[in-house]
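Me: I should like to work through this structure by question and answer, beginning with one residue and its partners. Please reason briefly each time and finish on the value or name requested.

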Amino acid sequence: MFTQPSRLYRALAIAEAITWTILIAALIARAAGAPGIVVTIGGGIHGFVFLAYGATAILVALNNRWHAGTAVLAVASAVVPYATIPMEIWLHRTGRLAGDWRLDASDDPRDRTWFDRLMRWFLRRPWVLGALIAIAVVALYVILLLVGPPGGGSAPCSCG
């Protein structure tokens with residue numbers, strides 16, 4: 001299914017947009033009187049997919065050798081609701097999602113660096129890479145849960 005970086009990136013970009021919908025719907029439901037747990041659940045789902053999208057954007061950026069600014073923009077697009085979709089379209093149209101996973105060294109001198117050799121090693125073992133990314137995402141997710149929600153607390157909004 002994810003035989004190409006573009007497919008993996010697209011799947012996570014769409015998932016990120018869907019979880020924005022879940023989170024926004026949960027916030028509306030809470031404002032309409034639903035219990036606060038709906039936001040906790042929606043926020044948890046969104047937070048996990050947000051981290052998975054960020055990890056995917058970084059992996060694809062490294063594989064496709066994006067400039068640092070493009071990688072930062074791709075990750076930052078997850079902060080704005082639904083922005084991962086136009087970001088994916090732009091990356092696709094500009095050819096930044098073109099190509100396959102770099103499993104073998106090419107004539108490019110960058111392929112001789114330790115970093116590219118390590119990345120190819122992991123890309124040839126997608127289960128190991130997937131497990132490593134999943135462990136990192138779960139660990140970061142747990143740390144962020146322990147730190148607490150954005151904004152520093154769970155007090156109800158006293159807006160207007």
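Me: Is aspartate 111 buried or exposed?
Reply: The model is a predicted one. Buried status requires a relative accessible area under 20%. Aspartate 111 has a relative accessible area of 3%, so this residue is buried.

Me: With which residue does aspartate 111 form a salt bridge, the closest N and O atoms being 2.9 Å apart?
Reply: A salt bridge here needs a side-chain nitrogen of Lys or Arg within 4 Å of a carboxyl oxygen of Asp or Glu. For aspartate 111 the closest N and O atoms are 2.9 Å apart. The partner, with a relative accessible area of 13%, is itself buried. That partner is arginine 102.

Me: Which aspartate in helix H5 does arginine 102 pair with?
Reply: Arginine 102 lies in the loop between H4 and H5, and its partner is 14 residues away in helix H5. The closest N and O atoms of this salt bridge are 2.7 Å apart. Both residues of the pair are buried. The partner is aspartate 116.

Me: Which residues do salt bridges that share partners join into one network?
Reply: Arginine 102 has salt bridges to aspartate 111 and to aspartate 116. Shared partners of this kind extend the network to further residues. Its members are Arg65, Arg102, Asp108, Arg110, Asp111, Asp116 and Arg120.

Me: Which parts of the chain does the salt bridge of arginine 65 and aspartate 108 link?
Reply: The side chains of arginine 65 and aspartate 108 meet at 3.4 Å, N to O. The two residues are 43 residues apart and belong to distant parts of the chain. Those parts are the loop between helix H2 (37-64) and helix H3 (68-76), and the loop between helix H4 (84-93) and helix H5 (114-123).

Me: Which burial class does arginine 65 fall into, and which does aspartate 108?
Reply: The boundary for buried is under 20% relative accessible area, and partly exposed reaches from there up to the exposed class, which is over 50%. Aspartate 108 has 19% relative accessibility and therefore counts as buried. Arginine 65, at 22% relative accessibility, counts as partly exposed.

Me: How many salt bridges does the count come to?
Reply: The arginine 65 and aspartate 108 pair, at 3.4 Å, is one of them. The arginine 102 and aspartate 116 pair, at 2.7 Å, is another. The count comes to eight.

Me: How is H5 oriented relative to H6: roughly parallel or roughly perpendicular?
Reply: H5 and helix H6 (residues 126-147) pack with their axes 6 Å apart and at an angle of about 105°. Angles of 65 to 115 degrees count as roughly perpendicular. The arrangement of H5 to H6 is therefore roughly perpendicular.

Me: How many residues of the contact of H5 with H6 are nonpolar?
Reply: From H5 the contact includes Trp121, Phe122 and Leu123. From H6 it includes Pro126, Val128, Leu129 and Leu132. With no polar and no charged residues in the contact, the nonpolar number is seven.

Me: Which residues does isoleucine 133 contact, leaving aside neighbours within four places in sequence?
Reply: Isoleucine 133 belongs to helix H6 and is partly exposed, with a relative accessible area of 26%. Its C-alpha atom is separated by 7.2 Å from that of alanine 55, although the two are 78 residues apart along the chain. The contacts are Ala55 and Leu59.

Me: Which residues does alanine 57 touch, not counting those up to four places away in sequence?
Reply: Alanine 57 is part of helix H2. At 0% relative accessibility, this residue counts as buried. The residues touched are Tyr9, Trp66, Ala74 and Val75.

Me: What is the helix content of residues 127-147, which the UniProt annotation lists under "transmembrane region"?
Reply: The unreviewed UniProt entry gives this label to residues 12-29, 36-60 and 127-147. In the model, residues 127-147 have end C-alpha atoms 30 Å apart and 0% strand. Their helix content is 100%.

Me: What pattern does the protein follow along the sequence?
Reply: The secondary structure comes to six helices and zero strands. Read along the sequence, the pattern is α-α-α-α-α-α.

Definitions and conventions
Residues numbered from 1 in each chain as written. Predicted model: local features only at pLDDT ≥ 70, side-chain atom pairs only at ≥ 80, totals over all residues. Heavy atoms only, no water. Helix = DSSP H or I, 4+ residues; strand = E, 2+ residues; numbered from the N terminus. Buried < 20%, exposed > 50% of the residue type's maximum accessible area, 1.4 Å probe, protein only. Axes fitted to C-alpha atoms, helices over the stretch in contact; angles between N-to-C directions. Parallel < 35°, antiparallel > 145°, perpendicular 65-115°, else oblique. Contact = heavy atoms within 4.5 Å. Nonpolar A, V, L, I, M, F, W, Y, C, P; charged D, E, K, R; others polar. UniProt positions renumbered as here; feature names shortened; annotations may be inferred.
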